[in-house]
Amino acid sequence: LNELNAVYRFSDEQGLQLVSGLGLDYWTRKLSETQSEDWSVVYARLGAALGGRTTRGWSAAGGVKYPIYVEENAHFTDIGFDSNPRLHPVGAASLYAYLGYRFSSHWTLSGYYDSYRFKESFKASTTMGGTSFLVWQPTSSVNTVGLRLHHHF
């Protein structure tokens, strides 16, 4: 995950911030011993954050993400097809959220939720042994929940 953020900090005591970002996310999904998918997603996000200005205390953030460009390499040749067309699922809006507590100037523990929503990809054609096939990625979603321990230096 790689992301570039722009943050506008309001001058209130609670530390309210408007956060926008542009990012690149990529992952591999292993479906079986012979089949895997590589995903690349360029996305934009917009949200708000609260807190995080002090050396101790709570912070929270949340907002909306939108995939701008999505490419899936399904490695069709690894499962017997003659070609490997790239699939392009259509992005849809999704949500993200974060809640953290900064224990000291060096340590924060946080929980997060992140998600993606993809509509069905456009169909692509390939062949296997002279027979033509249409391939596509069906409507898909990704939900990620986790904990992070941050060390600030």
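How many aromatic pairs does the count come to in this chain? The count comes to 10 aromatic pairs, and several of the rings involved are described below, after an outline of the chain as a whole.

## The chain as a whole

The model is a predicted one, and the chain in it is built from strands, with 10 strands and zero helices. Read from the N terminus, the order of elements is β-β-β-β-β-β-β-β-β-β. The radius of gyration is 20 Å, well over the 15 Å that the globule rule gives for 153 residues, so the chain is more spread out than a compact globule. Along the principal axes, the C-alpha atoms fill a box of roughly 70 × 30 × 20 Å.

Of the 153 residues, 31% count as buried, while the accessible surface of the chain comes to about 9,400 Å², with 60% of that surface belonging to carbon and sulfur atoms. Among the contacts in the chain with a separation of 6 or more, 59% are made by residues that lie 24 or more positions apart. As for charge, the chain has 13 positive and 13 negative charges, and the mean positions of these two groups are 9 Å apart.

## Aromatic rings

The count of aromatic pairs, as given at the start, comes to 10. One of the pairs is formed by Tyr8 and Phe10, whose ring centres are 4.9 Å apart and whose planes stand at 85°, so this pair is edge-to-face. Phe10 itself has a relative accessibility of 35% and counts as partly exposed.

Trp27 and Trp39 form an aromatic pair of the stacked kind, with 5.7 Å from centre to centre and 10° between the planes. This pair links distant parts of the chain, since Trp27 belongs to strand 2 (residues 17–30) and Trp39 to strand 3 (residues 36–51), with their positions 12 residues apart in the count. Is Trp39 buried or exposed? With a relative accessible area of 4%, Trp39 is buried, whereas Trp27, at 23%, is partly exposed. Both tryptophans also belong to a cluster in which ring pairs link Trp27, Trp39, Tyr43, Tyr116 and Phe118.

## Tyr101 and Trp58

Tyr101 is found in strand 6, which covers residues 94–102. Leaving out residues up to four places away in sequence, Tyr101 touches Arg56, Gly57, Trp58, Trp107, Thr108 and Leu109. Tyr101 and Leu149 are 48 residues apart in sequence, and their C-alpha atoms are 9.9 Å apart in space.

Trp58, which is among the residues that Tyr101 touches, lies in strand 4. The relative accessible area of Trp58 is 58%, which makes this residue exposed, as the limit for that class is over 50%. Between Trp58 and His88, which are 30 residues apart along the chain, the C-alpha atoms are separated by 39 Å.

## His75 in a loop

Where does His75 lie? His75 is found in the loop between strand 4 (57–73) and strand 5 (90–92). At 17% relative accessibility, His75 nevertheless counts as buried, because buried means under 20%. The phi angle of His75 is near 50°, a positive value in a residue other than glycine. Most residues other than glycine have a negative phi.

## Lys123 and Ser132

Lys123 lies in the loop between strand 7 (107–119) and strand 8 (124–128), and with a relative accessible area of 45% this lysine is partly exposed. Which residues is Lys123 in contact with, leaving aside its neighbours within four places in sequence? Lys123 is in contact with Leu134, Val135 and Trp136, once those neighbours are set aside. The C-alpha atoms of Lys123 and Phe133, which are 10 residues apart along the chain, are separated by 9.8 Å.

Ser132 has its place in strand 9 (residues 131–135), and at 59% relative accessibility this serine counts as exposed. Leaving aside neighbours within four places in sequence, Ser132 is in contact with Thr126 and Thr127. Ser132 and Arg86 are 46 residues apart along the chain, and their C-alpha atoms are separated by 16 Å.

Note on methods:
Residues are numbered from 1 along each chain as its sequence is written. This is a predicted model: local features need pLDDT of at least 70, side-chain atom pairs count only at pLDDT 80 or more; totals for chains, interfaces and linings use all residues. Side-chain values use heavy atoms; hydrogens and water are left out. Helices (H or I, at least four residues) and strands (E, at least two) are DSSP runs, numbered from the N terminus. The radius of gyration is taken over C-alpha atoms; the globule rule is 2.2 Å times the number of residues to the power 0.38. Buried means under 20% relative accessible area, exposed over 50%, partly exposed in between (1.4 Å probe, protein chains only). Contact means heavy atoms within 4.5 Å. Accessible areas come from the Shrake-Rupley method with a 1.4 Å probe; for residues, only the protein chains shown count as cover. Lys and Arg count as positive and Asp and Glu as negative; His and the chain ends are not counted. The place of a charge is taken as NZ of Lys, CZ of Arg, CG of Asp or CD of Glu. Rings of Phe, Tyr and Trp (its six-membered ring) pair if their centres lie within 6.5 Å; planes under 30 degrees apart count as stacked, over 60 as edge-to-face and the rest as tilted.
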